[in-house]
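Biologist: Please take a close look at the inside of this protein. I would like to know how its side chains pack and where empty space is left.

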Amino acid sequence: MEYGCQSMVGKIDSILIKRPEQAFISQQHLDGQWRAYNYLGCPDYERTVREHAAFEEILKSHVKHIYALPADSGVGLDSIYTHDPLKITVRGAIYFPMGKQLRSGERIASEKYLLELGIPTLGHILPPGKMEGGDVLWINEKTVAIGQGYRTNAEGIRQFTELTRDFIDEYIIVPMPHGDGEDCCLHLMSVISFVDTDKAVVYSKFMPVFFRQYLLEHGYTLIECDDDEYERLGSNVLCLAPGVCVMMAGNPKMEARLRAAGIELFTYEGEEVSYRGTGGPTCLTCPLLRQQV
């Protein structure tokens, strides 16, 4: 199959998801596991299934090929957030050991499935290196920004650079803040989402000055997310194609700002499937093929 995804805004042709039936399994399973995964509350299983189905319907209307990971005993609840164990490049997939120990099995399950689809493996980030997909942000096909924090460390970045130096020209290392602590999920993609070729949603409070200035100097319009809506995943927006995006419902200020900026926006109810696990639409998906822009 075709693959390659060194863009955050090119039209998505193929995408990887995992449905709650295969990740959350049952209400009983959730009841026994959600605290260990540091969720904000125990998801309601039936509501989660309905929310994710509605989200998938939005994807189906814009994405030609949707692939779903099967159930796997070696992974847990967070496997529903398919974005983080890997990144797809033009040379194949790079798999990550994950900074969150409970997610260490996800790269194995993902690699097995994607090899079956025909996507080759470019390499692996090996311990003591740590890396998660939410910290790897394509500026364009030749430029990548990488958040360095609790989930992605310097050794992980070094290994990623070695694997990609033949086809990446520039690496922008972005120091991540402490935020709410080591156990909380804070990725680079928590504070920025590209929504068009020249527009990005940002939570500037957690963004280093040099990186914010870099975006402005390169012609990006920055659409600011407020504190209250950042807590509601308002800065987590998935771009399906240039200027066409999806986000979790319940962030009216960000919805209004995106529409005022000319973005075609779709929303889904995500209280159970996204908010409780702090994983928005970008986290729920791993694009496998995006068109070049």
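Modeller: What follows goes from the packed parts to the empty spaces. The model is predicted, so local features need pLDDT of at least 70 and side-chain atom pairs count only at pLDDT 80 or more, while totals for chains, interfaces and linings use all residues. Residues are numbered from 1 along each chain as its sequence is written, and side-chain values use heavy atoms, with hydrogens and water left out.

The largest nonpolar core has 49 residues. Such a core is a set of buried Ala, Val, Leu, Ile, Met, Phe, Trp, Tyr and Cys residues joined through side-chain atoms within 4.5 Å; buried is under 20% relative accessible area, exposed over 50% and partly exposed in between (1.4 Å probe, protein chains only). Strand β6 (residues 136-140) gives four residues, the largest share of this core. (Strands, E, at least two residues, and helices, H or I, at least four, are DSSP runs numbered from the N terminus.) Leu137, Phe160, Ile192, Phe194, Phe211 and Leu258 have the most contacts inside the core. Leaving aside neighbours within four places in sequence, Phe211 is in contact (heavy atoms within 4.5 Å) with Leu137, Ile139, Ala145, Ile172, Val174, Leu188 and Ile192. Another core, of 29 residues, lies apart from the largest one, and its members include Leu30, Tyr45, Val244 and Cys283.

Phe96 sits in the loop between β4 (92-95) and α4 (106-117). Is Phe96 buried or exposed? Phe96 counts as buried because its relative accessibility is 0%. Beyond its neighbours within four places in sequence, Phe96 is in contact with Asp84, Pro85, Leu86, Lys87, Arg107, Ile125, Met131, Glu132, Gly133, Val136 and Phe160. Phe55, 41 residues from Phe96 in sequence, is 26 Å from Phe96 in space, C-alpha to C-alpha.

Now the empty space. A search of the whole structure finds three cavities of 30 Å³ or more. On a 1 Å grid over the protein atoms alone, a cavity is a set of points where a 1.4 Å probe fits but cannot get out; a pocket is an open set with protein on both sides within 12 Å along at least five of seven lines; lining residues have an atom within 4 Å of a point. Points are joined across faces, edges and corners, and a volume is the space filled by probe spheres set on them.

The largest cavity has a volume of about 100 Å³. Of its 13 lining residues, Cys5, Met8, His83, Lys87 and Pro287 lie nearest its centre. The elements giving two or more residues to this lining are β3 (86-89) and β15 (286-290), and β15 has the largest share, three residues. The lining divides into eight nonpolar, three polar and two charged residues (Ala, Val, Leu, Ile, Met, Phe, Trp, Tyr, Cys and Pro count as nonpolar, Asp, Glu, Lys and Arg as charged, the others, Gly among them, as polar).

The second largest cavity has a volume of about 60 Å³. Met8, Leu137, Met189, Ile192, Ser193, Phe194, Val237, Leu238, Cys239, Thr282 and Arg290 line it. Here β9 (192-196) and β12 (238-241) are the elements that give two or more residues, with the largest share, three residues, from β9. Eight of the lining residues are nonpolar, two polar and one charged.

Last, the second largest pocket holds about 330 Å³ of space. Gln6, Ser7, Glu141, Gln292 and Val293 are the closest to its centre among the 21 residues that line it. The largest share of this lining, three residues, comes from β6.
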